[in-house]
Amino acid sequence: MGEKLSEGRIVKGIAGFYYVQDHTGILECKARGKFKKMGLVPMVGDRVLFSKQNGSIEDILPRTSELLRPPVSNVDQAVIVFAVRFPDPNMVLLDKMTVLAVKEGLDVVLVFNKVDLDDEASQLTMNLEEIYGPTGFKILTTCSLTGYHIDELRAMLSDKVSVFAGPSGVGKSSLLNAIEPGLALKTGAVSEKIQRGKHTTRHSELLELETGGFVVDTPGFTSLELRDLEDDILSSCFPDFEHLPGNCRFDDCLHLEEPDCRVREAVRTGKLSESRYNSYAHIMNEIRQSRRY
Ligand SMILES: Nc1nc2c(ncn2[C@@H]2O[C@H](COP(=O)(O)OP(=O)(O)OP(=O)(O)O)[C@@H](O)[C@H]2O)c(=O)[nH]1
Ligand SMILES: [Mg+2]
Ligand SMILES: [Zn+2]
C-alpha cells in the first residue's frame with residue numbers, strides 16, 4: 001500500500017523548490033516530472049496533493065483563478081490600496097487595477113489609506129461613496145498608524161486569499177503589519193524609495209493570517225498596461241456601467257461618440273461619476289493606441 005497523500009497549499013516558490021503548507025507546518029517539496037511534460041508549472045497559491053515521505057508534489061488541484069502579476073493562483077479578492085495623499089491617488093491607475101481584478105473574477109476591496117493626512121483640500125474621501133457606490137466594490141478608509149478601520153479590514157480578509165496591490169509607498173505592508181504585527185513586513189519612507197528607485201517589497205508569498213486566510217503583499221508599481229484586453233469587453237469590467245438600466249441605441253456601443261448612449265447619458269445626469277467615465281475613455285484610448293503598432 002502506498003502512502004496516503006496530504007493536501008496542502010504552495011505558499012512560496014524559490015528556484016524549483018515549493019514550500020507546501022498544511023495544518024502541521026511547511027514542507028519543502030519538488031514537483032514531479034510529469035508536470036513539465038504536461039506543460040504545467042506549479043504556482044504559489046496552488047492547492048496540491050503531496051507526499052511527505054518523498055517531499056514531492058503529486059497533483060495540482062484545479063485552479064479557481066490564475067493571476068500573472070503577481071503570479072498567484074486561487075485568489076479570491078484584490079485589495080487595491082491607494083493613499084489619500086503621499087503619494088496622491090491616480091484614479092486612472094486605480095480603475096485599471098479594478099478592471100484587471102474584475103476580469104479575473106476577483107472581488108474588489110478599495111482601501112484608501114493615510115486618512116490621517118486627509119484635509120479639506122482633498123475632497124476624495126468625501127466623494128468615494130459617490131464615485132464607487134454604483135460599482136458594488138467594498139470601500140474602506142484606513143490609517144495604519146492609528147489603527148483606524150484595521151479591525152474591519154482584518155475581518156474582510158478572514159478565510160480568503162487576498163492580494164494587496166497598489167503603488168509604492170501607499171502603505172500596503174504597513175496595513176498588513178497593523179492587521180497582524182507578527183508578519184513583520186518591511187516598510188519604508190516614500191522619499192527614500194523615490195531616491196533609491198527601489199521597492200521595499202520584493203517577491204510574492206502567501207502569508208497565513210491568525211484569523212484564517214492568506215494574504216499576498218506585492219511590490220508597488222506606477223503604471224499598468226492592459227495589453228490583451230479587447231475594447232468590446234472593457235465596459236463589462238466596469239460593473240457600474242453594466243448595472244445601468246436601459247440599453248444603448250447600438251448593441252455594440254462602445255460608449256464613446258455613439259448617439260443615444262445610456263452610459264454617457266448617466267454621466268450627464270450624475271448617475272455615473274465623471275471620474276469613472278474618464279478612466280474608461282482613457283483605458284479605451286490606450287487599448288486602441290497599443291493595437292496600432
Ligand atoms: N501618515 C501615514 N503614513 C503611513 C500610513 N501607512 C503607512 N505610512 C507610511 O508610508 C510609508 C510607506 O509604507 P509601506 O507600508 O512601506 O508602503 P508599501 O505600499 O508597502 O510600499 P511598497 O512595498 O514599496 O510597494 C512608510 O513610511 C509608512 O510609515 C498611514 O496610515 N498614515
Ligand atoms: Mg510594501
Ligand atoms: Zn453606449
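**Group meeting talk: barrel, cores and a buried glycine**

Let me start with one residue, Gly45. Leaving aside neighbours within four places in sequence, Gly45 is in contact with Arg9, Ile10, Val72, Ser73, Asn74 and Leu206. Keep in mind that this is a predicted model.

Where does Gly45 sit? It is found in the loop between α1 (33–37) and β4. Is Gly45 buried or exposed? Its relative accessibility is 0%, so it counts as buried, the cut-off being under 20%. One distance for this residue: the C-alpha atoms of Gly45 and Asp159 are separated by 14 Å. Along the chain, those two are 114 residues apart.

Now the domains. The chain is divided into domain 1 (6–62), domain 2 (67–217) and domain 3 (231–291). Take the C-alpha centres of domain 1 and domain 3: they lie 43 Å apart.

Next, the barrel. Five strands close into it, in the order β1-β2-β3-β5-β4. The pairing is mixed. On average, neighbouring strands of this sheet are turned by 55° against each other, direction ignored.

Let's walk through some of the pairs. Strand β1 (residues 6–14) pairs with strand β4 (residues 47–51) in the antiparallel sense, over four bridges. In β1–β4 terms, Arg9 stands opposite Arg47 in β4. Recall that Arg9 is also one of the contacts of Gly45.

Then β4 and strand β5 (residues 56–60). They are antiparallel too, with four bridges. Here Phe50 stands opposite Ile57 in β5. The hairpin of β4 and β5 has four residues between the strands. In that hairpin, Gly55 takes a positive phi near 60°.

Which way do strand β3 (residues 25–31) and β5 run, parallel or antiparallel? Parallel, joined by two bridges. Lys30 stands opposite Ser56 in β5.

On to the packing. The largest nonpolar core has 43 residues. Which residues have the most contacts inside it? They are Ile57, Leu110, Phe112, Tyr132 and Leu206. Two of those names have come up already: Ile57 faces Phe50 across the β4–β5 pair, and Leu206 touches Gly45. Helix α2 (residues 91–103) gives the largest share of this core, five residues. Why does the core lie between domain 1 and domain 2? Because domain 1 (6–62) and domain 2 (67–217) both give residues to it.

Zoom in on Phe112. Not counting residues up to four places away in sequence, it touches Phe82, Val84, Leu94, Leu124, Leu128, Ile139, Leu140, Thr141 and Thr142. There is also a second, separate core, of 22 residues. Val99, Leu229, Phe241 and Leu272 are among them.

One helix deserves a slide. Helix α5 (residues 172–179) is mostly covered, with six of its eight residues buried. Which ones are buried in α5? Lys172, Ser173, Leu175, Leu176, Asn177 and Ile179. What covers these buried residues includes β8 (77–83), β9 (107–113), α4 (150–157), β11 (161–165) and β13 (214–217).

Last, the cysteines. How many disulfides does the structure hold? Zero. Cys29 has 0% relative accessibility, so it counts as buried. Cys248 has a relative accessible area of 10%, under the 20% cut-off, so it is buried as well.

Key:
Residues are numbered from 1 along each chain as its sequence is written. Chains are lettered from A and ligands numbered from 1 in the order in which they are written. This is a predicted model: local features need pLDDT of at least 70, side-chain atom pairs count only at pLDDT 80 or more; totals for chains, interfaces and linings use all residues. Side-chain values use heavy atoms; hydrogens and water are left out. A nonpolar core is a set of buried Ala, Val, Leu, Ile, Met, Phe, Trp, Tyr and Cys residues joined through side-chain atoms within 4.5 Å. Buried means under 20% relative accessible area, exposed over 50%, partly exposed in between (1.4 Å probe, protein chains only). Domain bounds come from an automatic or database domain assignment. Contact means heavy atoms within 4.5 Å. Two strands pair if DSSP finds at least two bridges between them. A disulfide is a pair of cysteine sulfur atoms within 2.5 Å. Axes are lines fitted to C-alpha atoms, for helices over the stretch in contact, and angles run from 0 to 180 degrees between N-to-C directions.
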